[in-house]
Amino acid sequence: MSSTFGNKLRISVFGQSHGEGLGVVLDGLPAGLSIDLTRIGAFLSRRAPGKKAAYSTARRESDEPRILSGLVEGKTCGAPLCAVFENNDARSNDYERMRFLPRPGHADYPAFVKHKGFNDIRGGGHFSARLTLPLCFAGAVCLQILKEKGVSIGAHILSVKDICDVPFDPVEVDEAALYLPKERQLPVLNADVIPQMEKLFEETAAAGDSVGGVIECCVLGLPVGLGEPMFDGLENRLSASVFAVPAVKGIEFGAGFEASRLFGSENNDPFCYKDGKVKTKTNRHGGILGGLSSGMPLVFRAAMKPTPSIAIEQDTVNLQSEENAKLTVTGRHDVCIVPRAVPCIEAAAAIALADLMI
């Protein structure tokens, strides 16, 4: 199993949802970087479980990182930076009866076959969204590195089901707009949609179901020409990192799939000089041309599937008796993973960009 990402900056994630703990190693960080653990803690709190909200799992974890190596008096020392997190509120008994009953929408069945039945079923094991905690720690470190280089990253909920927030302005993104969603009860740009989303979450929870959505992410301040085609272009590396976030089923940059419905004359972004810099009048390319950053805002969207763990009875199979079976998933699960996944998408983007910029 490969849970390592990066070329110059290597990120290795380890652990399981219900194991003793989990963590991450960042190898390749330059020495002498100041790392603010308070800011990292604030970032991690945005994805933390146990919030009093209709969409979130009731699992409560402190999510306090314990630094094993790599930091001396708040600065990187050249050694790999390793952080670990303890699991203190796991309820493994919820999963024992599902050992041979693969949950629809989860990795249970292919993992059972791949690992010959030795896969950890508790909370999904290494396939769990719990693994986004160390991913977010690594991303929070990378966000601080990028900030020193003048690069800012922000994301928001673009939609849940058919309830839509306003999108980022792809041409004239105000940097304040990147941080505005972080300050709200739900990370959106238009606060008017929050009551609608919350009502949807409450109704979905009452029905024992779940709901998905789309997250939009924007990056400002990238230098022109960042990326290494053919296989390490910006889309390539960002996609590889973003798909590390469980429940991501699609990604598009700029106009994305909508561009397939346009003529070239409609899709091309005309170049112009503005304030002495080369810009494009529109930004259907999403800030990336030929795998390279163009100097325009980098904009992409990630589609998140509904949380597969639902209380409604579903069809499955019994891998032990080789018979068809019924399954009702119990335990504590997110009605909608999208709000807590917003910082995860920011973290994934930061990891990919920091690796390219170091």
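**Helix 6 and the second largest pocket**

Okay, let's start with Gly208: this residue follows helix 6, and its phi is positive, near 75 degrees. Helices here are DSSP runs of H or I with at least four residues, strands are E runs of at least two, and both are numbered from the N terminus.

Quick caveat: this is a predicted model, where local features need pLDDT of at least 70, side-chain atom pairs count only at pLDDT 80 or more, and totals for chains, interfaces and linings use all residues. Residues are numbered from 1 along each chain as its sequence is written, and side-chain values use heavy atoms, with hydrogens and water left out.

So which residues of helix 6 are buried? Ile194, Met197, Leu200, Phe201 and Thr204; buried is under 20% relative accessible area, exposed is over 50%, and partly exposed is in between, with a 1.4 Å probe and protein chains only. Those buried residues sit on the same side of helix 6, because they cover an arc of only 125 degrees around the axis, taken from the directions from the helix axis to the C-beta atoms. Over on the other side, Pro195, Lys199 and Ala206 are exposed.

Now, the second largest pocket. Pockets come from a 1 Å grid over the protein atoms alone: an open set of points where a 1.4 Å probe fits, with protein on both sides within 12 Å along at least five of seven lines, and lining residues have an atom within 4 Å of a point. This one is lined by 20 residues, with Val171, Glu172, Lys279, Gly295 and Pro297 nearest its centre. Strand 13 gives the largest share of that lining, 3 residues.
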